[in-house]
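Work through these exercises with the sequence and the model open side by side. Try each task before you read its solution.

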Amino acid sequence: PSTGKTHSREPFEAPPVWGKGLRYEHERALTDYVFKAPVFVTDFPSVSKPFYTRQNDDGKTVAAFDLLMPHVGEVVGGSAREER
């Protein structure tokens with residue numbers, strides 16, 4: 001786990017960056033402070049997932065997801081495989 005700040009009013013130790021994975025501090029902010037509930041994160045940037053993950057119609061994202069739980073972080077992730 002990150003030692004970064006996780007309170008919604010404090011800056012992140014490292015801000016989220018498009019194409020890079022979410023850090024534990026980002027996951028905790030979403031589940032513990034923004035939504036205060038489990039969260040599905042979907043449609044990841046294609047540069048962050050393997051080539052065989054199904055490309056979405058926008059050409060920038062892929063059909064993938066993570067389920068984030070409060071006080072835990074990611075508990076499961078998955079993706080559709082490219083079939084075209």
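## Exercise 1. Charges at the end of the chain

E82 is partly exposed, because its relative accessibility is 29%. This model is a predicted one.

**Task.** Find which residue's side chain meets that of E82 in a salt bridge, and place that residue as buried or exposed.

**Solution.**
- Step 1. The side chains of E82 and R84 meet in a salt bridge, 2.8 Å from N to O.
- Step 2. R84 has a relative accessible area of 57%, so it is exposed.
- Step 3. Elsewhere, E13, R23 and E25 are joined into one network by salt bridges that share partners.

## Exercise 2. Two more salt bridges

**Task.** The structure holds five salt bridges. Describe where the partners lie for D32 with R28, and for R54 with E83.

**Solution.**
- Step 1. D32 and R28 form a salt bridge with their side chains, at 2.3 Å from N to O.
- Step 2. Both residues belong to helix α1, and four residues, about one turn of the helix, separate D32 from R28.
- Step 3. D32 and R28 are both buried.
- Step 4. R54 and E83 also meet through their side chains in a salt bridge, 3.0 Å from N to O.
- Step 5. This pair links distant parts of the chain: R54 is in the loop between β1 and β2, and E83 is in the segment after β3, 29 residues apart.
- Step 6. R54 reaches 23% relative accessibility, so it counts as partly exposed. E83 reaches 53%, so it counts as exposed.

## Exercise 3. The order of elements and the strand pairing

**Task.** Write the pattern of elements along the chain. Then state in which sense β1 pairs with β2, and β2 with β3.

**Solution.**
- Step 1. Count the elements: one helix and three strands.
- Step 2. Along the sequence they follow the pattern α-β-β-β.
- Step 3. Strand β1, residues 39–45, pairs with strand β2, residues 61–69, in the antiparallel sense over six bridges. One check: T42 has F65 in β2 as its bridge partner.
- Step 4. Strand β3, residues 73–79, is joined to β2 by six bridges, and these two strands run antiparallel. Here L68 stands opposite E74 in β3.
- Step 5. Now look at D66 in strand β2. D66 is buried, because its relative accessibility is 10%.
- Step 6. From D66 to F44 the C-alpha distance is 9.4 Å, with their positions 22 residues apart in sequence.

## Exercise 4. Positive phi outside glycine

**Task.** Where does K36 lie, and where does H71 lie? Is each one buried or exposed?

**Solution.**
- Step 1. Recall the background: most residues other than glycine have a negative phi.
- Step 2. K36 has a positive phi near 55° and is not a glycine. K36 sits in the loop between α1, residues 24–34, and β1.
- Step 3. K36 counts as exposed because its relative accessibility is 64%.
- Step 4. H71 is not a glycine either, yet its phi is positive, about 65°. H71 lies in the loop between β2 and β3, a hairpin with three residues between the strands.
- Step 5. H71 has a relative accessible area of 61%, so it is exposed.

## Exercise 5. A nonpolar patch

**Task.** Which residues form a nonpolar patch with V76?

**Solution.**
- Step 1. V72, V75 and V76 make up the patch on the surface, and together they have about 220 Å² of accessible area.
- Step 2. V76 is in strand β3. Its relative accessible area is 37%, so V76 is partly exposed.
- Step 3. V72 is in the loop between β2 and β3. V72 counts as partly exposed because its relative accessibility is 47%.
- Step 4. The C-alpha atoms of V72 and P38 are 9.8 Å apart, and the two residues are 34 apart along the chain.

## Exercise 6. Rings and charges

**Task.** Which charged residue sits over the ring of Y52, and which lies over the face of F44?

**Solution.**
- Step 1. The structure holds two aromatic pairs. One of them is F51 with Y52, edge-to-face, at 5.4 Å centre to centre and 80° between the planes.
- Step 2. F51 counts as exposed because its relative accessibility is 76%. Y52, with a relative accessible area of 34%, is partly exposed.
- Step 3. R81 has its charged end over the ring of Y52, 4.5 Å from the centre.
- Step 4. K49 lies over the face of F44, 4.4 Å from the ring centre.

Methods. Residues are numbered from 1 along each chain as its sequence is written. This is a predicted model: local features need pLDDT of at least 70, side-chain atom pairs count only at pLDDT 80 or more; totals for chains, interfaces and linings use all residues. Side-chain values use heavy atoms; hydrogens and water are left out. Two strands pair if DSSP finds at least two bridges between them. Buried means under 20% relative accessible area, exposed over 50%, partly exposed in between (1.4 Å probe, protein chains only). Patches are made of residues with over 30% relative accessible area and no salt bridge: like charges are joined within 9 Å, nonpolar side chains (Val, Leu, Ile, Met, Phe, Trp, Tyr) within 5 Å. Accessible areas come from the Shrake-Rupley method with a 1.4 Å probe; for residues, only the protein chains shown count as cover. A salt bridge is a side-chain nitrogen of Lys or Arg within 4 Å of a carboxyl oxygen of Asp or Glu. Rings of Phe, Tyr and Trp (its six-membered ring) pair if their centres lie within 6.5 Å; planes under 30 degrees apart count as stacked, over 60 as edge-to-face and the rest as tilted. A charge sits over a ring if NZ of Lys or CZ of Arg is within 6 Å of the ring centre and within 35 degrees of the ring normal.
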